[in-house]
Amino acid sequence: MSYQDEEEQMGYHVDSFPKDFGYGAFEHESDSQTSSETKPRILLMGLRRSGKSSIQKVVFHKMSPNETLFLESTSKIVKDDINNSSFVQFQIWDFPGQIDFIDPNFDSDMIFGGCGALVFVIDAKDDYNEALTKFKNTVIKAYKVNPRIKFEVFIHKVDGISDDSKIECQRDIHQKATDDLSDAGLNQIHLSFHLTSIYDHSIFEAFSKVVQKLIPQLPTLENLLNILITNSGIEKAFLFDVVSKIYIATDCTPVDMQSYELCCDMIDVVIDLSSIYSSEETAFDNQSSSLIKLNNSTILYLREVNKFLALVCILREDNFNHQGVIDYNFLCFREAISQVFELRLKNRKLETLEEQDEEEEYKNAPITNGGTSVNTESTDNSILA
Ligand SMILES: Nc1nc2c(ncn2[C@@H]2O[C@H](COP(=O)(O)OP(=O)(O)OP(=O)(O)O)[C@@H](O)[C@H]2O)c(=O)[nH]1
């Protein structure tokens, strides 16, 4: 079964692409998607003006960084469905900086219960002691409700700060945050730290890592990429979600920022050019591929994997002499990816059927005094469509 069949079964048009290249809903898809309630949640928290809304707008709504200067302060929780036109599907909840956990209206069970990752944004240009106190309180509260949450700290607005100061700032924040948590008896919690700015690609890279942790198939995807690069003479390969430019997997070689930026820029060039020469709706389709030769004997090679994903590789020009081998390996890779997701789709259907059966049984069962309640809420925190 090809991915086209799979997409068609799910009700997608294979050769279409979001009209506005944003995350607007597809009219014909919206009701067939996973309900918002069962989608994994990524929470954006932090002090006021730390940059939460800017991050969300720049990464998922293509807002230019300069425009974020005019964003108004968030006064209530803003829920954003990252949906339909992307392979990765989740909800982002942007919290107002002044949110108060002691407030009785703050339903922490509901908020942290279905949460996959909590991104806490700290303004590196500000005095961060207050932010660290809030961070500690947030983690304690969230961990109590849901110990499976991934805690991600974005040390944000690091543009214009020297490399030495960035490292020093990260070290200091890391130290203080872990000390605070061990004082609270929570040294088992793993925290991840990222230096970010909306003025470069660091915010996309950091979000890629957050999203990857919510993909259960990640080790398989990484393994497939490793096999592909070793057998094709490729230096580095990224599997991109084209709309957001988040990479959902890469091979095991270290990621350097320059390579990631080059690959992101390549996606922009391909989409912009094909939007000029094709109709906007087919700017990225199953024929999409591109080759860019750089002046340092390096080649960037892009191939479409499915409606939402592209493989972008960096390789030396000499190794591209065997393009036939690379293309053949790519087809095997694409087939393997489609099988991975076909399997996932089947498992999901089975799970849904089992859940429905259980519900039926429960409804039909005679009521006894000591009956236990069945919780049918989905605990699947996986992020893939
Ligand atoms: N220099 C710099 N400024 C940033 C960055 N990210 C956001 N800002 C600026 O920070 C200010 C506050 O950004 P917001 O996104 O409104 O902050 P927020 O955390 O959502 O604020 P509240 O809604 O009040 O909680 C804006 O003027 C942004 O332009 C960054 O990476 N670097």
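Which of the 21 residues around the ligand come nearest?

1. Ligand shell. The model is predicted. G51, S53, S54, T74 and G97 come nearest to the ligand, out of 21 residues around it. Helix α2, residues 52-61, is the top contributor to this shell, giving three residues. By class, the shell holds eleven polar, five nonpolar and five charged residues.

2. Domains. The domain assignment splits the protein chain into domain 1 (41-214) and domain 2 (217-341). Their C-alpha centres are 29 Å apart.

3. Domain contact. On the domain 1 side, 13 residues touch 15 residues of domain 2. Two elements, α2 and α6 (202-212), each give two or more residues to that side of domain 1. α6 gives the most, with six residues. The side of domain 1 that touches domain 2 has seven nonpolar residues, five polar and one charged. Note that α2 appears here and also in the ligand shell.

4. Open sheet. Five strands run in the order β8-β7-β11-β10-β9, with antiparallel pairing. β8 (246-250) and β9 (289-293) are the edge strands; each has a single partner, so one side of each lacks a neighbour in the sheet. On average, neighbouring strands are turned by 20° against each other, direction ignored.

5. Strand pairing. β10 (residues 298-304) and β11 (residues 309-316) are joined by seven bridges in the antiparallel sense. One bridge to check by eye: I299 is partnered by L315 in β11.

6. Helix on the sheet. Helix α7 (residues 218-232) lies across β7 (234-241) and β8. The angle between α7 and β7 is about 145°.

Technical notes
Residues numbered from 1 in each chain as written. Predicted model: local features only at pLDDT ≥ 70, side-chain atom pairs only at ≥ 80, totals over all residues. Near = placed C-beta within 6 Å. Helix = DSSP H or I, 4+ residues; strand = E, 2+ residues; numbered from the N terminus. Nonpolar A, V, L, I, M, F, W, Y, C, P; charged D, E, K, R; others polar. Pairing = 2+ DSSP bridges. Axes fitted to C-alpha atoms, helices over the stretch in contact; angles between N-to-C directions. Contact = placed C-beta atoms within 7 Å. Domains from an automatic or database assignment.
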